[in-house]
Amino acid sequence: MRHFDLSPLYRQTVGFDRLFNLLDQAGGVDGASTYPPYNIERTGENAYRVTLAVAGFSREELSIETRENALSIKGSKEQTGPGEGREMLHQGIAARAFERRFQLADHVVVTGASLVNGLLHVDLVREIPETQKPRRIEIGASAPTATVVESKAA
């Protein structure tokens with residue numbers, strides 16, 4: 001697997017910590033968890049959806065939180081004890097606790113979430129403030145200016 005060492009850049013720049021952290025995360029860290037699997041899709045020009053496969057989790061066992069520019073989705077399953085009259089012969093369905101974090105771009109907000117058929121859908125929208133939207137400036141016509149010519153009397 002390719003790995004790029006960005007440490008020389010850390011020494012020569014100021015204020016780019018977040019950018020370098022994103023690059024480190026995008027490069028992938030060996031041993032990073034892939035549970036639960038997820039999809040990210042664009043559903044409109046400024047709309048997105050993150051879908052996580054959370055089979056076996058109920059609404060009460062899932063939590064979604066946004067803080068600054070990060071979306072955090074956590075799941076914790078209550079473990080059933082062996083003394084409840086069941087004996088697990090094979091457990092292939094993962095029911096372990098997880099936390100998935102997604103870095104959000106500026107002005108992206110969560111608009112809703114739903115749990116359907118074991119899939120958790122989190123809908124996101126990029127809401128650009130009016131002050132940052134491009135504005136068209138009309139060029140107005142001005143009246144011609146009169147030039148003043150002074151004559152020199154000798």
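Here a biologist and a modeller talk through a predicted model of one protein chain.

Biologist: Let's start with the outline. How many helices and strands does the chain have, and in what pattern?

Modeller: The chain has 2 helices and 7 strands. Read along the sequence, they follow the pattern α-α-β-β-β-β-β-β-β. Of the 154 residues, 18% are buried.

Biologist: What makes strand 2 and strand 7 a pair?

Modeller: Two strands pair if there are at least two bridges between them. Strand 2 and strand 7 (residues 119-126) have 7 bridges, so they count as paired, in the antiparallel sense. One of the partnerships is V50 with V122 in strand 7.

Biologist: And how do you know that strand 6 pairs with strand 7?

Modeller: The test of at least two bridges applies here too. Strand 6 (residues 108-116) and strand 7 have 8 bridges, again antiparallel. Across this pairing, L115 stands opposite L120 in strand 7. The hairpin has 2 residues between the strands, and N117 takes a positive phi near 50° there.

Biologist: Now the rings. Why are Y35 and F98 called an edge-to-face aromatic pair?

Modeller: Ring centres must lie within 6.5 Å, and planes over 60 degrees apart count as edge-to-face. For Y35 and F98 the values are 5.9 Å and 90°, so both conditions are met. The pair links distant parts of the chain: Y35 is in the loop between helix 2 (17-27) and strand 1 (38-42), while F98 is in strand 5 (residues 98-103), 63 residues apart. Y35 and F98 are both buried.

Biologist: What makes Y38 and F102 an edge-to-face pair?

Modeller: Their centres are 5.0 Å apart, with 80° between the planes. Those values satisfy the limits of within 6.5 Å and over 60 degrees, so the name edge-to-face applies. Y38 lies in strand 1 and F102 in strand 5, so the pair ties together parts that are 64 residues apart in sequence.

Biologist: Why is Y38 called partly exposed but F102 buried?

Modeller: Buried means under 20% relative accessible area, and exposed means over 50%. Y38 has 37%, so it falls in between and is partly exposed. F102 has 10%, so it is buried.

Biologist: Which residues form an aromatic cluster?

Modeller: Y35, F57 and F98 form one aromatic cluster. The count for the model comes to 3 aromatic pairs.

Biologist: How do you know that charges sit over the rings of Y35 and F57?

Modeller: The distance limit is within 6 Å of the ring centre, with a condition on direction as well. The charged end of R96 is 4.1 Å from the centre of the Y35 ring and sits over it. K77 lies over the face of F57, at 5.8 Å from the ring centre.

Biologist: What about R100: why is it said to have no salt bridge?

Modeller: A salt bridge needs a separation within 4 Å. The nearest side chain of opposite charge, E99, is 11 Å away, so R100 has none, although R100 is buried. R100 lies in strand 5. Its side chain does reach the backbone oxygen of P36 at 3.3 Å, and a polar atom of that side chain lies 3.4 Å from the backbone oxygen of T34.

Biologist: Finally, why does R59 count as exposed?

Modeller: Its relative accessibility is 57%, and exposed means over 50%, so R59 qualifies. R59 lies in the loop between strand 2 (47-53) and strand 3 (62-67). The C-alpha atoms of R59 and L115 are separated by 7.1 Å, with their positions 56 residues apart along the chain.

Key. Residues are numbered from 1 along each chain as its sequence is written. This is a predicted model: local features need pLDDT of at least 70, side-chain atom pairs count only at pLDDT 80 or more; totals for chains, interfaces and linings use all residues. Side-chain values use heavy atoms; hydrogens and water are left out. Rings of Phe, Tyr and Trp (its six-membered ring) pair if their centres lie within 6.5 Å; planes under 30 degrees apart count as stacked, over 60 as edge-to-face and the rest as tilted. Helices (H or I, at least four residues) and strands (E, at least two) are DSSP runs, numbered from the N terminus. Buried means under 20% relative accessible area, exposed over 50%, partly exposed in between (1.4 Å probe, protein chains only). A charge sits over a ring if NZ of Lys or CZ of Arg is within 6 Å of the ring centre and within 35 degrees of the ring normal. Lys and Arg count as positive and Asp and Glu as negative; His and the chain ends are not counted. A polar contact is a pair of N or O atoms within 3.5 Å; within protein, one must be able to donate a hydrogen and the other to accept it, and residues adjacent in sequence count only if both atoms are side-chain atoms.
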